[in-house]
There are 2 protein chains.
Amino acid sequence: MNTAIPPRDDARIAAALERLSLRFGPRLQAGKAVREQHGHTTTYIPNQAPDGVFYPESLEEVQEAVRLCAEFRVPIIPFGTGSSLEGHVNAPAGGISFDMSRMKRVLAVNQEDLDCTVEAGLTREELNQYLRDTGLFFPIDPGANASLGGMAATRASGTNAVRYGTMRENVLSLTAVLADGRAIKTARRARKSSAGYDLTRLLVGSEGTLGVITSLTVKLYGIPPAISGGLCPFPSVEAACNAVIMTIQMGILVARIELVNTLGMRAINAYSKRDYPEGPCLFVEFHGTEAGVREQAEMFGEIAGEFSGGPFVWATAAEERQKLWKARHDFYWAGFVLRPGCKALSTDVCVPISRLAQCIVETEADIAESGLIAPIVGHVGDGNFHVSVLMDIDDPTEIKRAEAFVARLNARALAMDGTCTGEHGIGQGKMRYLEQEHGEGVDVMRTIKQALDPLGILNPGKILALSGT
Amino acid sequence: MNTAIPPRDDARIAAALERLSLRFGPRLQAGKAVREQHGHTTTYIPNQAPDGVFYPESLEEVQEAVRLCAEFRVPIIPFGTGSSLEGHVNAPAGGISFDMSRMKRVLAVNQEDLDCTVEAGLTREELNQYLRDTGLFFPIDPGANASLGGMAATRASGTNAVRYGTMRENVLSLTAVLADGRAIKTARRARKSSAGYDLTRLLVGSEGTLGVITSLTVKLYGIPPAISGGLCPFPSVEAACNAVIMTIQMGILVARIELVNTLGMRAINAYSKRDYPEGPCLFVEFHGTEAGVREQAEMFGEIAGEFSGGPFVWATAAEERQKLWKARHDFYWAGFVLRPGCKALSTDVCVPISRLAQCIVETEADIAESGLIAPIVGHVGDGNFHVSVLMDIDDPTEIKRAEAFVARLNARALAMDGTCTGEHGIGQGKMRYLEQEHGEGVDVMRTIKQALDPLGILNPGKILALSGT
């Protein structure tokens with residue numbers, strides 16, 4: 001199998017840029033700074049800037065520009081906010097970044113149906129801001145204030161997934177422009193359907209390689225009448241994980257249950273100016289009625305006690321809770337205080353929950369043996385956790401050590417019947433692990449990709465290595 | 001577009017039968033009675049029997065037989081229990097029925113992870129029987145005691161979907177044999193993953209047209225410590241629907257909320273020998289802790305009262321509840337007491353919940369105007385409802401009238417941003433509505449089908465009409 005990325009073609013790219021510029025004027029930008037902002041910037045993966053950045057303002061403009069790129073066989077790289085972690089927005093074969101930030105209209109809020117339809121460029125925080133007077137909210141919260149289109153494309157999740165699901169469960173329908181410029185709407189607004197192949201779920205997680213998502217309908221939820229939560233320290237990561245496992249097994253409807261290990265807590269305290277306990281902690285939250293929340297929290301408290309957890313730091317007031325979760329969400333940035341001037345290799349795996357404690361304990365030991373500085377944080381209710389390896393990226397041996405660690409981490413997760421990524425996606429960074437995880441399934445993915453994008457122009461060099469192109 | 005089903009080829013079919021018979025002996029059956037049992041038998045759709053029935057006993061045997069069928073370009077029709085309602089198991093171009101009933105081993109129960117892996121032929125009742133000592137259960141319950149493989153293939157759901165989701169949300173992974181005999185396992189056991197295209201969701205709902213599902217891993221749930229529920233009559237269908245809408249909007253975690261209209265209640269009373277109120281009723285059930293269930297039920301009671309519902313008939317004892325739900329599950333058979341000797345046209349649609357009352361009210365009026373005998377029952381928490389049209393299938397004008405009614409019902413649901421099927425699937429019966437619902441999306445489905453099954457041997461004539469074959 002030829003795993004090479006298709007070679008860039010300067011003449012075709014130049015011709016496409018000229019046509020796009022003629023048609024869209026200043027909404028096609030080709031300055032170096034703008035282009036580099038649209039390559040990968042968040043982790044240690046090298047920046048590969050696109051040749052131009054196009055800012056569409058409508059579905060029809062996306063279609064027109066896709067057709068033009070198809071005519072010149074020029075790569076298209078859909079761009080939300082650029083917060084992805086595995087190099088999804090890089091342009092290894094050059095091409096045009098489609099920056100969706102001018103498409104952020106709220107097209108419909110159907111309060112009675114608990115759903116809304118928005119353009120792909122709207123961010124999750126903007127959506128929740130828009131919804132603030134409705135009593136509804138959109139729960140999916142990856143660390144960054146990502147765009148809804150980008151979140152769908154990477155099958156994102158976050159701290160609430162244990163209760164509300166991921167983008168897989170929360171996108172009801174989407175509109176996408178395919179490689180030939182056709183637009184499809186994948187479903188109606190019905191909550192369930194058995195009508196044909198599940199094109200919604202095919203596009204969710206396809207990372208821009210099958211279509212450019214232009215709008216989507218997502219589920220909303222009523223803001224629960226009661227929310228409570230807090231922070232619970234544990235004597236060991238193992239004890240914390242075992243408390244999580246029992247919580248899930250007992251069917252406690254926890255809305256969030258997040259692990260931060262000792263090094264992670266130290267980073268949070270330093271970066272966010274907190275004085276939380278500096279040992280393994282669970283951040284938990286319960287959503288429901290007053291009685292329901294109280295009951296769930298009590299049950300969790302008993303479980304925590306069984307594993308020598310506590311004392312619990314409760315945060316019932318909204319402001320206290322926001323402070324707690326802000327610290328948690330800033331974890332990615334907090335990591336850098338552990339090693340200023342460094343870049344992060346941010347990786348995630350997800351395992352069946354019964355294997356979680358063992359997987360994290362072995363990973364902590366591996367980090368120690370490898371001499372890496374790498375805090376761990378996890379959406380542990382799903383069996384999902386992240387390691388943020390802080391590296392001097394000018395030191396090739398350090399990169400090598402970190403990459404070897406990631407390879408071992410993935411092998412460990414796969415051996416436990418887990419996945420090489422719970423929510424970050426494959427992008428450029430995890431293609432080799434996708435092969436290890438899916439085997440022949442990757443050939444099936446490749447067949448689908450080649451059938452739907454025969455020219456290979458949609459985000460080439462991501463998820464799949466294509467043969468023969 | 002050529003919508004013809006590929007013509008049957010007697011010589012190739014005969015050759016394949018001979019080879020299969022040589023290889024598998026009596027596990028290849030070709031008697032008329034067996035063949036007819038493996039065509040469609042449940043509704044008015046005419047029976048189109050396969051040419052032979054193969055009873056595989058392992059993944060490898062399925063692979064071997066698929067390769068043999070591919071060699072002779074002979075259709076393969078996967079068969080679970082034959083309880084599908086839209087002609088999924090018919091053999092319009094002849095071919096071999098793959099009866100999965102000898103593949104019903106439980107391969108693993110991972111109690112700690114709340115999942116299990118089973119072979120495709122195991123039925124949902126057999127699975128729950130197997131799990132009876134574990135404290136866990138599998139909630140998805142279509143009317144019939146269907147096989148898990150068949151339920152995955154049709155993206156089935158049932159009365160619990162409002163709380164526990166459908167097969168879309170509950171299949172973690174599956175193993176399927178593709179048209180060329182390759183086997184793929186679509187995912188690991190992690191609860192979430194962003195690793196590549198969602199092949200699990202692509203196979204779920206593909207109705208045997210993309211692969212033969214041989215085993216699957218499904219989510220399990222702890223049997224809730226408290227269950228309560230009952231029956232609540234309403235003065236009108238509209239009032240009942242409005243109570244449902246408010247229940248969902250208020251975020252009450254109802255586990256089941258089922259509507260049966262007046263005619264449906266009459267049929268249930270007659271068939272199941274009950275004396276339930278003969279007006280529109282909601283069957284409801286709450287799962288949770290003692291306190292949680294009590295609170296939810298009280299909230300529901302208040303809502304029902306607001307819409308003049310009641311008095312509530314509670315069924316808290318397990319035996320009472322089973323009696324209640326047995327009556328509900330037997331609804332399909334109960335219908336026939338309304339017109340003995342008839343066949344049913346059983347159809348379903350699903351709409352956004354805000355449109356549910358209007359859709360059902362208009363449908364009841366349509367039934368009355370059409371002079372049809374057709375009770376309605378619905379998984380109304382999802383916006384999903386069924387109409388069972390009882391017909392004399394020897395009267396072509398009656399069939400015509402019923403089909404015209406179904407066309408109007410689907411147009412009504414689609415106009416309300418709903419789907420032509422919430423859980424029955426497309427099969428043979430709803431191909432025209434799939435086109436109306438998905439437009440260009442159907443071409444995308446066709447592209448995928450042709451890429452993965454270029455010979456068109458997997459369940460031809462279902463879901464999609466293929467061009468040029």
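Helix α12 of chain B (residues 318-329; helices are DSSP runs of H or I with at least four residues, numbered from the N terminus) has twelve residues in this predicted model. From first C-alpha to last, α12(B) reaches 16 Å, close to the 16 Å expected at 1.5 Å a residue (that is, 1.5 Å times one less than the number of residues). Its buried residues are B:L324, B:A327 and B:R328, where buried means 20 or more other C-beta atoms within 10 Å of the residue's own, and exposed means 12 or fewer, with C-beta atoms placed from the backbone. Looking down the axis of α12(B), these buried residues fall within an arc of 105 degrees, so they line one face of the helix (the arc is taken from the directions from the helix axis to the C-beta atoms). Over on the other side sit the exposed B:A318, B:E319, B:Q322 and B:K326. As for packing partners, the buried residues of α12(B) go against β12, β13, α10, β14 and α13 of chain B (contact means C-beta atoms, placed from the backbone, within 7 Å; strands are DSSP runs of E with at least two residues).

Turning to the two chains, the contact takes 72 residues from chain A and 72 from chain B. On the side of chain A that touches chain B, the largest share, nine residues, comes from α17(A).

A rotation of 180 degrees with 0.0 Å of shift along its axis superposes chain A on chain B, RMSD 0.0 Å (least squares on C-alpha atoms of residues with pLDDT of at least 70 in both). That is the relation of a two-fold axis.

Residues are numbered from 1 along each chain as its sequence is written, and chains are lettered from A and ligands numbered from 1 in the order in which they are written. The model being predicted, local features need pLDDT of at least 70 and side-chain atom pairs count only at pLDDT 80 or more, while totals for chains, interfaces and linings use all residues.
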